Amino acid sequence: MSGILIENLNVWFGEGHERVDAVKRASFEVPEGGSFGLVGESGSGKSTILRALTGMVPSWNGRMEILGKELGAKRDRSFYRKVQMVFQDPYASLHPRHSVDRVLSETLQLHGFGDIDRRVSKLLEDVGLGPEFRFRYPHQVSGGQRQRVAIARALASEPSILLLDEPTSALDVSVQAEILNLLTDLRRERNLTYLMVTHDLAVVSHVCTEIAVMQLGEIVELLNVDDMRNLRASHPYTSHLLRSSLGRRSESTEAESVSTEAG
Amino acid sequence: MSNLLDVENLWVRFPTRSGIFEAVRGISFSLARERLGIVGESGSGKSVTGRAILRLIRPPGMVAADRIDLEGKDILRIPELKMRDVRGQGISMIMQDPKFSLNPVMRVGDQISEAYLLHADTSKAQARTKTIEMLVAVSIRDPERVYNMYPHEVSGGMGQRIMIAMMMIPGPKILIADEPTSALDVSVRMQVLEIMDRLVRERGMGLIFISHDLNLVSTFCDRVLIMYGGKIVETCKADRLHEARHPYTKGLLNSLPRLDAPRDRLDVLTRDPAWRDQPSVSGML
Ligand SMILES: Nc1ncnc2c1ncn2[C@@H]1O[C@H](COP(=O)(O)OP(=O)(O)OP(=O)(O)O)[C@@H](O)[C@H]1O
Ligand SMILES: Nc1ncnc2c1ncn2[C@@H]1O[C@H](COP(=O)(O)OP(=O)(O)OP(=O)(O)O)[C@@H](O)[C@H]1O
Ligand SMILES: [Mg+2]
Ligand SMILES: [Mg+2]
């Protein structure tokens with residue numbers, strides 16, 4: 001069964017000459033338990049696809065399915081139990097006047113979980129936040145800590161599908177490694193399906209097996225991780241993306257070999 | 001000639017339920033007309049340091065320092081009214097959460113224009129023209145359309161670039177850029193860095209560049225401060241970052257995922273509690 005299916009999806013904002021076509025004829029499929037990456041230009045419609053799936057865009061047409069079930073205009077609570085999203089802007093999903101504890105406990109209660117106290121501690125521990133963060137408010141934690149609270153909130157309902165919008169963009173590489181390992185483990189244990197947006201090709205190649213490249217609202221190329229690692233791209237924009245990352249990669253390779261010698 | 005900025009023995013403390021939390025613990029550094037990178041673990045005190053310099057830490061947070069000088073003149077003890085003149089043309093800061101820092105009910109173009117009008121003696125029409133120019137400079141594709149958008153209507157990377165345009169428009173002496181390119185794809189990122197670089201080279205601006213992208217910092221900056229647990233644990237020339245000696249910095253370099261070398265699991269750091277207790281290293285010039 002497919003975890004996520006998108007067919008000829010169009011999303012637009014505004015009307016008449018103000019109309020912006022944010023997503024144009026997008027199609028792709030993520031098998032259940034699969035992991036799919038969306039990369040591409042800033043403003044190309046990546047977040048909009050995720051928001052369309054969660055029912056957060058006003059006007060769209062085409063077909064969207066989650067675990068074999070077609071999506072209509074509205075999403076009910078059982079949908080949010082199955083599908084959770086980590087927003088690009090962590091403030092967007094965190095109420096400014098609710099403590100971390102309240103954000104997590106209320107999510108757990110809403111989805112009918114018991115044993116709340118233990119679960120909240122476990123969720124925080126999973127994302128590398130100590131108990132001292134439990135009663136802080138969103139503005140009292142750092143950018144990367146806030147992003148991890150948003151990840152913990154998305155994991156709270158034990159969803160089977162996770163939509164991840166730049167989930168590690170605010171994390172230093174050591175914490176990023178911990179979060180990526182956590183995501184890998186969870187997918188293995190619970191057969192989760194991931195749809196991840198990122199501009200970091202090394203991250204996407206670590207997490208995802210299939211990748212779509214977007215530009216100006218369209219998916220311009222679909223490729224698998226081997227194509228990507230071997231720089232086999234047919235669209236010029238994809239080649240450009242891969243080449244730019246390659247430039248920086250060879251630097252890091254150099255840096256690493258030097259540091260091994262030094263150590 | 002004096003440095004652009006000198007910070008000596010800076011402390012930032014926040015009262016919390018479990019006692020006073022020391023977010024920044026006695027750090028000292030200066031900034032010349034250079035690109036100074038700050039890297040460090042999530043929560044190590046990078047953003048708080050930037051906000052403390054601009055005196056944007058709100059009570060009950062507490063800031064203490066022996067001195068904070070802008071071009072040799074005190075900005076730690078001057079009245080708040082005078083400090084308002086420092087913010088903008090003296091020092092401006094690109095915040096880590098750009099969309100949160102913008103006014104949600106004002107068109108983004110008007111916000112940039114307003115920032116310009118505050119410091120330049122020009123007409124509204126000229127401010128608008130200048131704003132459009134800035135949007136073009138940060139590679140916004142459709143500047144006329146984006147001028148009229150509200151913050152919630154722009155994408156993550158567009159929000160980041162709008163913030164960058166807004167902070168550069170008053171022509172500050174010092175720009176503190178907190179993760180300014182984290183939401184940008186590689187090509188746009190290069191263009192944005194090029195603009196900042198030109199301001200440093202041509203106008204002699206000082207840049208404090210906070211980032212977790214080690215490769216980027218090592219190629220883009222002149223000097224780097226590495227923070228851990230509210231202290232500076234190491235400083236080095238940026239192009240020597242890969243020779244860093246502190247175990248934390250070395251660990252960071254090993255945690256990077258790689259496009260060319262797939263790995264099942266990424267190395268994670270084992271953090272030694274002793275790292276927190278070592279004295280801070282000075283980053284002063
Ligand atoms: N509510 C809205 N009203 C009008 N336009 C919108 C709205 N939301 C998004 N857009 C437009 O849709 C386009 C796609 O935005 P989206 O957020 O999906 O980009 P993205 O690919 O996620 O970019 P980034 O990498 O910068 O986050 C942009 O041009 C954006 O301005
Ligand atoms: N208002 C506050 N009350 C209590 N603690 C705070 C407050 N603001 C920040 N902190 C704490 O101070 C520490 C430093 O925060 P800061 O935002 O400077 O981190 P950072 O180095 O920028 O991290 P990141 O890379 O995640 O953005 C963090 O541990 C944070 O939780
Ligand atoms: Mg986005
Ligand atoms: Mg920060």
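Biologist: Which residues coordinate the magnesium ion (ligand 4)?

Modeller: In this predicted model, the magnesium ion (ligand 4) is coordinated by Ser47(B) through OG and by Gln96(B) through OE1, at 2.0 to 2.3 Å. These two residues come from distant parts of the chain, 49 residues apart: Ser47(B) sits in helix H1 (residues 46-53) of chain B, and Gln96(B) in the loop between strand E7 (91-94) and helix H3 (98-101) of chain B.

Biologist: What makes these two atoms donors of the magnesium ion (ligand 4)?

Modeller: A donor is an N, O or S atom within 2.8 Å of such a metal. The OG of Ser47(B) and the OE1 of Gln96(B) lie at 2.0 to 2.3 Å, so they meet that cut-off. Do keep in mind that water is not among the atoms, so the site may look incomplete.

Biologist: Why are Ser47(B) and Gln96(B) called buried?

Modeller: The word applies under 20% relative accessible area. Ser47(B) has 16%, so it is buried. Gln96(B) has 17%, so it is buried too.

Biologist: And what are the protein donors of the magnesium ion (ligand 3)?

Modeller: They are Ser47(A), through OG, and Gln88(A), through OE1, lying 2.0 to 2.2 Å from the ion. This pair also links distant parts of its chain, 41 residues apart, with Ser47(A) in helix H1 (residues 46-53) of chain A and Gln88(A) in the loop between strand E6 (83-86) and helix H3 (100-110) of chain A.

Biologist: How do you know whether Ser47(A) is buried or exposed, and what about Gln88(A)?

Modeller: Ser47(A) has 19% relative accessibility, and the cut-off for buried is under 20%, so Ser47(A) counts as buried. Gln88(A) has 21%; partly exposed runs between the 20% and 50% cut-offs, so Gln88(A) is partly exposed.

Biologist: Which residues does Gly157(B) touch?

Modeller: Leaving out residues up to four places away in sequence, Gly157(B) touches Ser42(A), Gln88(A), Ala183(B) and Leu184(B). Gln88(A) is also one of the protein donors of the magnesium ion (ligand 3). Gly157(B) itself is in helix H7 (residues 156-168) of chain B, and its relative accessible area of 3% falls under the 20% cut-off, so it is buried.

Biologist: Happy with that. How many residues are in contact between chain A and chain B?

Modeller: 58 residues of chain A are in contact with 55 residues of chain B. Between them the chains bury about 4,700 Å², 53% of it on carbon and sulfur atoms. The count of residue pairs in polar contact between the two chains is 13, both partners being at pLDDT 80 or more. On the chain A side, helix H9 (236-262) is among the helices that supply at least two residues, and H9(A) gives the most, with 14 residues. That side divides into 19 nonpolar, 24 polar and 15 charged residues.

Biologist: What makes Asp185(A) and Arg265(B) a salt bridge?

Modeller: The cut-off is 4 Å between a side-chain nitrogen of Lys or Arg and a carboxyl oxygen of Asp or Glu. Here the closest N and O atoms are 2.6 Å apart, so the pair qualifies. There are 5 salt bridges between chain A and chain B.

Biologist: Why does the salt bridge of Arg146(A) and Asp97(B) join two chains?

Modeller: The closest N and O atoms of Arg146(A) and Asp97(B) are 2.6 Å apart. Arg146(A) lies in helix H5 of chain A and Asp97(B) in the loop between E7 and H3 of chain B, so the pair joins two chains. Both residues are buried.

Biologist: How do you know that Glu80(B) and Arg84(B) form a salt bridge?

Modeller: Their closest N and O atoms are 3.7 Å apart, and the cut-off is 4 Å, so the pair counts. Glu80(B) and Arg84(B) are 4 residues apart in helix H2 of chain B, which means that about one helical turn separates them. Glu80(B), at 35% relative accessibility, counts as partly exposed.

Biologist: Which residues of helix H2 (residues 80-90) of chain B are buried?

Modeller: Met83(B), Val86(B), Arg87(B), Gly88(B) and Gly90(B) are buried there. The buried residues of H2(B) pack against several elements of chain B, including H1 and E7.

How values were computed: Residues are numbered from 1 along each chain as its sequence is written. Chains are lettered from A and ligands numbered from 1 in the order in which they are written. This is a predicted model: local features need pLDDT of at least 70, side-chain atom pairs count only at pLDDT 80 or more; totals for chains, interfaces and linings use all residues. Side-chain values use heavy atoms; hydrogens and water are left out. Contact means heavy atoms within 4.5 Å. Buried area is the accessible area (1.4 Å probe) that two parts lose on being put together, summed over both. A polar contact is a pair of N or O atoms within 3.5 Å; within protein, one must be able to donate a hydrogen and the other to accept it, and residues adjacent in sequence count only if both atoms are side-chain atoms. Ala, Val, Leu, Ile, Met, Phe, Trp, Tyr, Cys and Pro count as nonpolar, Asp, Glu, Lys and Arg as charged, and the others, Gly among them, as polar. Donors are N, O and S atoms within 2.8 Å of the metal (3.2 Å for Na, K and Ca); water is not among the atoms, so sites may look incomplete. Buried means under 20% relative accessible area, exposed over 50%, partly exposed in between (1.4 Å probe, protein chains only).
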